[in-house]
Amino acid sequence: MAQRGAFLWAFFILVSLFTSHGDALGVNWGTQASHPLHPSIVVGMLKDNGINKVKLFDSDSWTLKALVGSGMEVMVAIPNKDLSTYLKYKKAKKWVKDTISKHLYDGGVDIRYVAVGNEPFLTSYNGSFVNITFPALTNIQKALEEAGLGDKVKATVALNADVYESASNKPSDGDFRGDIKDRMLEIVRFLNEKNSPFVVNIYPFLSLYQNPDFPLDFAFLDDRGESIEDNGVEYSNVFDANLDTLVWALRKSEVPDLKILVGEIGWPTDGNKFANRTLAKRFYDGLMKKLATGAGTPLRPGRLNVYLFGLVDEDMKSVAPGNFERHWGIFYFDGKPKFPIDFSGNGQSKMPVAAKGVFPLESRWCVFGKPEMKNSSKLGDLVNYACSNADCTALGYGSSCNNLDRNGNISYAFNMYFQMQSQDIQACDFDGMATITTKNASTGTCLFPIQIISAGVRVIGDRVSAAAGFVGLALFGILGLM
């Protein structure tokens, strides 16, 4: 009887951990891909992996339709470019009617939050959204309340951790950035009044990327590195220190108990020397165990609510922040998992369930067909063209394809363009210097991917071309073609 009781108690503990963890764990679903997965496939993949919360970057009807009846908790968003539209209350009211009310019914989409803007106060935006974010936020919340949805759906703003700072790099000196402090005070007090959460994106990876002197172990949550002390509080990782810096800023803003959601947190797997599957697995292992314990941070003990970033790789994202931007996914672009992960945090690490119903294109690759050809400006122009219209970020320093020789680099560029164009035969010409092969061109750590049959229509605009071009120009030195 005692043994049976012990077994039942242990079982109860494990179930409680998994349930608690599942309720606290969500994922960001980005769609900036040349060959997107069908939304219904993505929803199935989320369900298969026990993920019941999802954060979107827009309110696309195709995506929301796939979420109908899923039971998933959803955060929709209004992109920065649309914020000015909702300075007019009539526009905000119409958006709520057409987007929220339309989908929020018994058996429909369980929308809980509206993120009004995505990191609108980044310094790189030069203040473009500083004066319009708060008015748009208040209009959306007012429209939700007028529609009778104010208690169920809360408007908030997804903010980057750069909205607060600490002169000493210690949490207790944390406060909101001086240039936006007045705006932040308006926002946090409004959120507190409306019982809406503060959504913050925290990226320990960026601490390593941006600071060559940053201690590697402090970026992870496995307590391997040295701790720092702040007024008697010990911090063993940058995540806890970062979030508690926000807690101090909230205290100083007289909203000490404002709920916090971590809107984005993750680790990329390519595009930088610190971006690889080994370090990503280490990061997620530590994060999942932390979530499972419900320990929280020193100043915010208790269960953390987080959204992992992100679900799948997105090959159309801007690389202005870094080449790693296209490699944040836990899954590759085709829905295949990258590494074992324990979503429950109870030590049962295993490969996530891959997306089902995904069909790859034919097993063929486009490679350099003139290896005897010496360096020439013409060849350089062709490679630059390929990488300006495809994703060549894996060729960068410290990346997975960094060790290819000259011909391998050229072949990689040609193939990425070929796959981007859905293996159109004309896309593997390059003035007669390329050829199609059925022999897998992958080598070592470098994967020459095969694209999938796309669920959507790829759109190429000036914005995307400019972002991709940044990569192409940067590759000239790598390929030795100038």
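This report describes a buried aspartate, a pocket and two helices in a predicted model.

## D313 and its surroundings

D313 sits in the loop that runs between β12 (306–308) and β13 (365–368). With a relative accessible area of 9%, D313 counts as buried, because the cut-off for that class is under 20%.

Two polar partners of the D313 side chain can be named: the backbone nitrogen of G329, reached at 2.9 Å, and the side chain of K338, joined to D313 by a polar contact of 2.7 Å. When neighbours within four places in sequence are left aside, the residues in contact with D313 are R326, H327, W328, G329, F331, Y332, F333 and K338.

## The second largest pocket

The second largest pocket has a volume of about 600 Å³, and its lining is made up of 29 residues, with D270, H327, Y332, S400 and L447 lying nearest the centre. H327 and Y332, which belong to that central group, are also among the residues in contact with D313.

By residue class, the lining of this pocket divides into eleven nonpolar, ten polar and eight charged residues. Helices α9 (277–293) and α11 (406–420) each supply at least two residues of the lining, and α11 gives the most, with four residues.

## Helix α8

Helix α8 covers residues 238–252, and the end C-alpha atoms of this 15-residue helix are 21 Å apart, which agrees with the 21 Å that it should span at 1.5 Å a residue. The expected span is 1.5 Å times one less than the number of residues, so the 15 residues of α8 lead to the 21 Å just given.

Most of α8 is covered, since twelve of its 15 residues are buried; among them are V238, F239, D240, A241 and N242, as well as A249 and L250. At the start of the helix, a side-chain oxygen of N237 comes to within 3.1 Å of the backbone nitrogen of F239, while just after α8 the residue E254 takes a positive phi of about 65 degrees.

## Helix α9

Helix α9, which contributes to the pocket lining, has 17 residues and reaches 24 Å from its first C-alpha to its last, close to the 24 Å expected at 1.5 Å a residue. Its buried residues are L279, A280, R282, F283, Y284, G286, L287, M288, K290, L291 and A292.

The N-terminal end of α9 is capped by N276, a side-chain oxygen of which lies 3.2 Å from the backbone nitrogen of T278. After the helix comes G294, with a positive phi near 70 degrees.

Technical notes. Residues are numbered from 1 along each chain as its sequence is written. This is a predicted model: local features need pLDDT of at least 70, side-chain atom pairs count only at pLDDT 80 or more; totals for chains, interfaces and linings use all residues. Side-chain values use heavy atoms; hydrogens and water are left out. Buried means under 20% relative accessible area, exposed over 50%, partly exposed in between (1.4 Å probe, protein chains only). A polar contact is a pair of N or O atoms within 3.5 Å; within protein, one must be able to donate a hydrogen and the other to accept it, and residues adjacent in sequence count only if both atoms are side-chain atoms. Contact means heavy atoms within 4.5 Å. On a 1 Å grid over the protein atoms alone, a cavity is a set of points where a 1.4 Å probe fits but cannot get out, and a pocket is an open set with protein on both sides within 12 Å along at least five of seven lines; lining residues have an atom within 4 Å of a point. Grid points are joined across faces, edges and corners, and a volume is the space filled by probe spheres set on the points. Ala, Val, Leu, Ile, Met, Phe, Trp, Tyr, Cys and Pro count as nonpolar, Asp, Glu, Lys and Arg as charged, and the others, Gly among them, as polar.
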